[in-house]
Amino acid sequence: MFERFTRGARATVKGAVAHAERAGAGSVTEEHLLLALLDQEGGRASFAVTALGLQDRRSSLAASFADARRRGGLTRADTEALAGIGIDVGAIVSHVEGAHGEGALDPDRGGRRWWRSGHRSFTPGAKTVLENSLRVALGRGDRFIGEEHLLLALTAKPGSVADVLAEHGATHTAVQRALYGSDDGAAGQGRAQAG
């Protein structure tokens with residue numbers, strides 16, 4: 001599958017690994033993929049990210065991701081659903097952090113900083129995004145996987161990254177509109193060259 005990635009998509013994946021390394025994370029997550037996408041310049045995804053105002057709100061995105069990690073990766077929808085049945089996630093987080101320290105529910109807390117194989121592993125969620133980017137590309141009739149396909153896959157996969165993006169106005173529909181000018185996902189729009 002990686003052979004179908006454009007230069008920009010490959011740079012995004014490598015950038016995600018670099019983000020994971022800098023954070024001392026145990027593996028590469030969907031969040032790292034998004035952060036690497038935000039670093040890219042000159043591609044279709046970069047244009048969409050800028051048009052949606054995400055570049056200007058990096059610090060807000062980072063704060064939202066930190067909040068989601070504090071909740072153990074629960075989305076706001078999960079938190080609201082639990083509140084609907086009388087479970088106060090904020091109180092649980094506070095209690096756990098009081099006993100075990102701040103960030104105790106962070107899925108990557110205490111993650112390994114060195115990997116025996118020399119390669120960063122990808123979380124199941126990050127692998128799903130990569131696989132779904134192929135599905136997005138094929139659904140559009142593209143023979144390559146570009147950063148735009150990665151961005152769409154991130155917005156389509158339920159979880160904290162899609163949740164944070166939606167909070168910042170970058171729903172799947174909004175991203176699709178910014179990328180292609182429509183909501184229909186019509187095939188045959190791909191023009192970038194695989195590299």
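**Exercise 1. Find where pLDDT stays under 50 over residues 109-117 and over residues 185-195, and set these stretches against the confidence of the chain and its helices.**

Step 1. In this predicted model, pLDDT stays under 50 over residues 109-117, a stretch for which the model has 16 contacts beyond four places in sequence. Residues 185-195 also have pLDDT under 50 throughout, and here the model has 27 contacts beyond four places in sequence.

Step 2. For the chain, the mean pLDDT is 82, and 81% of the residues reach 70 or more.

Step 3. Turning to the elements, helix α6 (residues 89-100) has the lowest mean pLDDT, 69, whereas α8 has the highest, 96.

**Exercise 2. Describe the secondary structure of the chain and state what share of its residues count as buried.**

Step 1. The chain has 10 helices and 0 strands, so that, read from the N terminus on, the order of elements is α-α-α-α-α-α-α-α-α-α.

Step 2. Of the 195 residues, 43% count as buried, and the accessible surface comes to about 10,100 Å², of which 52% belongs to carbon and sulfur atoms.

Step 3. Among contacts between residues at least 6 apart in sequence, 65% join residues at least 24 apart.

**Exercise 3. Work out how helix α8 is covered, and by which elements its buried residues are packed.**

Step 1. Helix α8 spans residues 147-156 and is mostly covered, with 9 of its 10 residues buried; among them are E147, H149, L151 and L154.

Step 2. The buried residues of α8 pack against α1 (7-23), α2 (30-39), α3 (44-51), α7 (124-140), α9 (160-167) and α10 (172-180).

Step 3. L151 can be followed one residue at a time: leaving aside its neighbours within four places in sequence, L151 is in contact with L34, L37, A45, A48, V49 and V175.

Step 4. The largest nonpolar core has 42 residues, and those with the most contacts inside it are L54, L151 and L154. Two or more residues of this core come from each of α1, α2, α3, α4 (58-70), α7, α8, α9 and α10, with the largest share, 6 residues, coming from α2.

**Exercise 4. Decide whether S133 is buried or exposed, and name its contacts.**

Step 1. S133 lies in helix α7.

Step 2. Because its relative accessible area is 0%, S133 is buried, the cut-off for that term being under 20%.

Step 3. Beyond its neighbours within four places in sequence, S133 is in contact with F5, I145, H149, L150 and A153. H149, L150 and A153 are themselves among the buried residues of α8.

Definitions and conventions: Residues are numbered from 1 along each chain as its sequence is written. This is a predicted model: local features need pLDDT of at least 70, side-chain atom pairs count only at pLDDT 80 or more; totals for chains, interfaces and linings use all residues. Side-chain values use heavy atoms; hydrogens and water are left out. Buried means under 20% relative accessible area, exposed over 50%, partly exposed in between (1.4 Å probe, protein chains only). Helices (H or I, at least four residues) and strands (E, at least two) are DSSP runs, numbered from the N terminus. Contact means heavy atoms within 4.5 Å. A nonpolar core is a set of buried Ala, Val, Leu, Ile, Met, Phe, Trp, Tyr and Cys residues joined through side-chain atoms within 4.5 Å. pLDDT is the predictor's confidence in each residue, from 0 to 100. Accessible areas come from the Shrake-Rupley method with a 1.4 Å probe; for residues, only the protein chains shown count as cover.
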